[in-house]
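User: I'm new to this one and keep tripping over the labels. Could you walk me through why things get called what they're called?

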Protein chains: 2
Amino acid sequence: MVTSFFTCKKTISCFAIAALLAGGTTAPSLAAAPKEKPAAVEAIAQQTLSTVEVVATGYTAGYESTGKRPGHPQYGITYSGVKVRRGQVSTVAADTKLFPIGTLLYIPGYGYGVVADTGSAIKGHKLDLYFETIKDVYKQWGKRTVEVQVLRKGSGKLSQTWLNQINRAVEAGKPIPQTYLES
Amino acid sequence: MVTSFFTCKKTISCFAIAALLAGGTTAPSLAAAPKEKPAAVEAIAQQTLSTVEVVATGYTAGYESTGKRPGHPQYGITYSGVKVRRGQVSTVAADTKLFPIGTLLYIPGYGYGVVADTGSAIKGHKLDLYFETIKDVYKQWGKRTVEVQVLRKGSGKLSQTWLNQINRAVEAGKPIPQTYLES
């Protein structure tokens, strides 16, 4: 199910535009784009036609993403014909039913993207963002801040036998058996 | 600077333990681990020694992460000597000054991890989570839900000239010149 292209949802851009229309001076919330300067955020907001929530992943021109290796005649060439690019305006892949080729987006945490590519798994509200290397995807997009829970402090050693045993002992979604926390 | 290993921070586990100690019945907040069932979350909380905030990325045994290819004698072998594993208890890489080898963690969104590996970039409050393939890293860890702003609806076509021009015209952090939104 594809949402209407120009539906304005309750996001920073709509709030900013509404505030401007109302002559208000309230600064827009920066929650959606914490790294941008307020002036730039407001300027982009003024240019915004609509906002759409998507799930975004990263990809490269490489074999793991495209099935093509350097030397392949279509290596690094998007569906639109232009070369992949990571720049001020980068190439991204989308479902062209939602975002036709040539659509210009601003993607928080990534920057400007122009829809230039497609992908078999990129259907509906999904985006694939181009990065030059796999490491760039890992480091620039595939990063999460999480609170990890420490269940057992390590001794500095680990054996294959223990690892195999604990894997057999733990059932999906269940706690670690107490004996493994004490051993 | 490395935080003390057993400092209990203000997280779900501490709240749950505090509630249990107080004989309270208040369910712990599920904000930190939205996918887990409350019973499992509470059981893990009871086993928790401490919680630590880290920035977690994904990695594989492959060349892009380890510099080793299949066939290398150390391919798929962690610093601890055990083989990489994605299972009920997976192998993860950490700074052993913070988390000694053999430390057992529960990582929201990933599952149980045992510290088995290290990495030159994994210093301090960082974790590298093992996945079997690059695609798994992209799809299972490198995913973000974002609100994208649509600045221009595409016509279905994109030219290399236009993409080059717009990249030259846009300065870092600045809005797209209006002429490119109308063309």
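Analyst: Sure, we'll take the labels one at a time, keeping in mind that this is a predicted model.

User: Let's start with Thr48(B). Why is Thr48(B) called buried?

Analyst: Its relative accessible area is 9%, and buried means under 20%, so Thr48(B) counts as buried. You'll find Thr48(B) in the loop between helix H2 (38–47) and strand E1 (50–59) of chain B.

User: What makes the pair Thr48(B) and Gln149(A) a polar contact?

Analyst: The two side chains come to 3.0 Å, and the cut-off is N or O atoms within 3.5 Å, so the pair qualifies. Thr48(B) has another partner in its own chain: a polar atom of the Thr48(B) side chain lies 2.9 Å from the backbone oxygen of Ile44(B).

User: And Gly58(B), buried or exposed?

Analyst: Buried: Gly58(B) has a relative accessible area of 2%, and the limit is under 20%. Gly58(B) is part of strand E1 of chain B. Leaving out residues up to four places away in sequence, Gly58(B) touches residues of both chains, including Tyr138(A), Gly142(A), Asp128(B) and Trp141(B).

User: How do you know that E1(B) and E5(B) pair?

Analyst: Pairing takes at least two bridges, and five bridges join E1(B) to E5 (residues 126–130) of chain B, so these strands count as paired. They run parallel. Tyr59(B) stands opposite Tyr130(B) in E5(B).

User: Which strands close into the barrel, and in what order?

Analyst: Six strands do, in the order E6(A)-E1(B)-E5(B)-E2(B)-E4(B)-E3(B). That list takes E6 from chain A and the others from chain B. The pairing is mixed. On average, neighbouring strands of this sheet are turned by 45° against each other, direction ignored.

User: What lies across those strands?

Analyst: Helix H4 (residues 134–141) of chain B lies across E6 (143–152) of chain A together with E1, E3 (104–107) and E5 of chain B. This helix runs at about 135° to E1(B).

User: How many residues does each chain bring to the contact?

Analyst: Chain B brings 89 residues and chain A brings 88 residues. The area buried between them is about 7,900 Å², with carbon and sulfur atoms giving 61% of that. On the chain B side, Tyr138(B), Arg144(B) and Gln149(B) lose the most area to chain A, together 11% of what that side buries.

User: How many salt bridges and polar pairs cross that interface?

Analyst: The rule finds zero salt bridges there, but 48 residue pairs in polar contact, counting pairs with both residues at pLDDT 80 or more.

User: Why is Lys174(B) with Glu171(B) called a salt bridge?

Analyst: The N to O distance is 4.0 Å and the rule asks for within 4 Å, so the pair makes the cut. Over all chains, the count comes to one salt bridge.

User: Why is Lys174(B) called partly exposed?

Analyst: Lys174(B) has a relative accessible area of 42%. Buried is under 20% and exposed is over 50%, so 42% falls in between and Lys174(B) is partly exposed.

User: What about chain A overall: how many helices and strands does it have?

Analyst: Chain A has six helices and six strands, running α-α-β-α-β-β-β-β-α-β-α-α from the N terminus on. Of its 183 residues, 48% are buried.

Methods
Residues are numbered from 1 along each chain as its sequence is written. Chains are lettered from A and ligands numbered from 1 in the order in which they are written. This is a predicted model: local features need pLDDT of at least 70, side-chain atom pairs count only at pLDDT 80 or more; totals for chains, interfaces and linings use all residues. Side-chain values use heavy atoms; hydrogens and water are left out. Helices (H or I, at least four residues) and strands (E, at least two) are DSSP runs, numbered from the N terminus. Buried means under 20% relative accessible area, exposed over 50%, partly exposed in between (1.4 Å probe, protein chains only). A polar contact is a pair of N or O atoms within 3.5 Å; within protein, one must be able to donate a hydrogen and the other to accept it, and residues adjacent in sequence count only if both atoms are side-chain atoms. Axes are lines fitted to C-alpha atoms, for helices over the stretch in contact, and angles run from 0 to 180 degrees between N-to-C directions. Contact means heavy atoms within 4.5 Å. Buried area is the accessible area (1.4 Å probe) that two parts lose on being put together, summed over both. A salt bridge is a side-chain nitrogen of Lys or Arg within 4 Å of a carboxyl oxygen of Asp or Glu.
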